[in-house]
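This briefing walks a newcomer through one protein structure, topic by topic. Please keep the sequence and the structure in view while reading.

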Amino acid sequence: TNGDRFKRINNLGAITPGSSLSVPLSVQFDDAGTKRLRVTANVVDDSGDRTRVTYPVVVEVSDRHPQMNVETNESVVGLTSDGAVRIANGLSTDARNVEVRLSGSGIDFVDDRAILSSVAAGESVRVPFRYEPQTPGQQDVVATLSYSVAGSRTRTVSETVPLDVDRRRRNVVVQASQTGSASETLSVTVS
């Protein structure tokens with residue numbers, strides 16, 4: 001792709017007629033998508049004659065990340081609520097140096113950052129958080145997950161979920177009526 005050389009391996013040894021040679025190559029790409037590559041083999045025979053063979057190779061690169069699910073509660077302006085980010089690592093390797101950051105316009109987070117040393121392959125973890133909405137209406141909670149896997153740079157994935165925030169009601173009216181005998185006690189709890 002673009003004339004870039006990704007890997008070069010020299011002096012692989014001899015191949016007898018009719019045999020094959022497997023050469024493991026490992027390449028990482030920054031972006032997902034279809035990559036059109038060329039594998040070029042330069043061969044020298046016993047006579048010293050050189051032959052160059054080029055094979056086209058098409059590779060589909062996927063952008064896989066651990067999955068995130070952001071959970072929030074019913075929210076009211078000025079009241080602290082509980083939420084959580086669930087992280088499920090469906091990768092075949094551990095996610096290391098895991099960091100979860102939370103943000104949102106009109107939302108204050110008690111602690112907007114959590115760090116985990118790792119999330120094992122196939123493991124799921126729950127990262128709780130507390131937040132206090134400051135503005136009524138629909139707000140967005142943004143959870144950003146940063147992590148690394150062996151031999152890789154830091155990867156980042158984000159998820160945005162809507163949060164419906166109700167206005168705080170200052171006047172609470174409780175009406176109660178009693179049926180039956182007048183000697184019964186009526187108990188009302190307001191929370």
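**Overview**

Of the 191 residues of the protein, 21% count as buried, and the model examined here is a predicted one. The protein has 11 strands and 0 helices, and about 14000 Å² of its area is exposed, with carbon and sulfur atoms supplying 43% of that. When contacts between residues at least 6 apart in sequence are considered, 58% of them join residues that are at least 24 apart.

**Strands and sheet**

- Read along the sequence, the strands follow one another in the pattern β-β-β-β-β-β-β-β-β-β-β.
- An open sheet is formed by 5 strands, which are arranged in the order β4-β11-β10-β6-β8 with mixed pairing; its edge strands are β4 (75-76) and β8, each of which pairs on one side only.
- Strands of a sheet pair through backbone hydrogen bonds, and they may do so in either a parallel or an antiparallel sense.
- In this sheet, β10 and β11 pair in the antiparallel sense over 11 bridges, and Ser146 has Thr156 in β11 as its bridge partner.

**Nonpolar core**

- The largest nonpolar core contains 25 residues, and those with the most contacts inside it are Val85, Ile87 and Val141; at least two residues of this core come from each of β3, β5, β6, β7 (107-109), β9, β10 (137-148) and β11 (155-166).
- Val85, once its neighbours within four places in sequence are left aside, is in contact with ten residues that can be listed in full: Met68, Asn69, Val70, Val100, Leu102, Val125, Arg126, Val127, Phe129 and Ala143.

**Two buried residues in strands**

- Val98 is placed in strand β6, and it counts as buried because its relative accessibility is 1%, which is under 20%.
- Leaving aside neighbours within four places in sequence, the contacts of Val98 include Ile87, Ala114, Leu116, Val119, Leu145 and Tyr147. One of these partners, Val119, is 21 residues from Val98 in sequence, while the C-alpha atoms of the two are 7.3 Å apart in space.
- Ser81 lies in strand β5 and also counts as buried, since its relative accessibility is 8% and thus under 20%.
- Beyond its neighbours within four places in sequence, Ser81 is in contact with Glu74, Ser75, Phe129, Arg130 and Tyr131.

**Salt bridges**

- The count of salt bridges in the model comes to 5.
- In one of them, the side chains of Glu71 and Arg86 meet at 2.9 Å, N to O; Glu71 is in strand β3 (residues 67-71) and Arg86 in strand β5 (residues 81-88), so that this pair, 15 residues apart, links distant parts of the chain.
- Glu71 also forms a salt bridge with Arg126, where the closest N and O atoms are 4.0 Å apart. Because Glu71 lies in strand β3 and Arg126 in strand β9 (residues 124-133), this pair ties together parts that are 55 residues apart in sequence.
- Glu71, Arg86 and Arg126 are thereby linked in a network of salt bridges. Are these residues buried or partly exposed? Glu71 counts as partly exposed at 25% relative accessibility, as does Arg86 at 37% and Arg126 at 45%.
- Glu99 forms a salt bridge with Arg113, with the closest N and O atoms 2.4 Å apart. Since Glu99 lies in strand β6 (residues 95-103) and Arg113 in strand β8 (residues 113-119), the pair ties together parts that are 14 residues apart in sequence.
- Within this pair, Glu99 counts as buried at 18% relative accessibility, whereas Arg113 counts as partly exposed at 39%.

**Nonpolar surface patch**

- On the surface, a nonpolar patch is formed by Ile9, Leu12, Ile15, Leu21, Val23 and Leu25, which together have about 490 Å² of accessible area.
- Leu25, one of the residues in this patch, is placed in the segment before β1 (33-44).

Methods
Residues numbered from 1 in each chain as written. Predicted model: local features only at pLDDT ≥ 70, side-chain atom pairs only at ≥ 80, totals over all residues. Heavy atoms only, no water. Helix = DSSP H or I, 4+ residues; strand = E, 2+ residues; numbered from the N terminus. Buried < 20%, exposed > 50% of the residue type's maximum accessible area, 1.4 Å probe, protein only. Core = buried A, V, L, I, M, F, W, Y, C linked by side-chain atoms within 4.5 Å. Contact = heavy atoms within 4.5 Å. Patch = residues over 30% accessible without salt bridge, like charges linked within 9 Å, V, L, I, M, F, W, Y side chains within 5 Å. Areas by Shrake-Rupley, 256 points an atom, 1.4 Å probe, with all protein chains shown as cover. Pairing = 2+ DSSP bridges.
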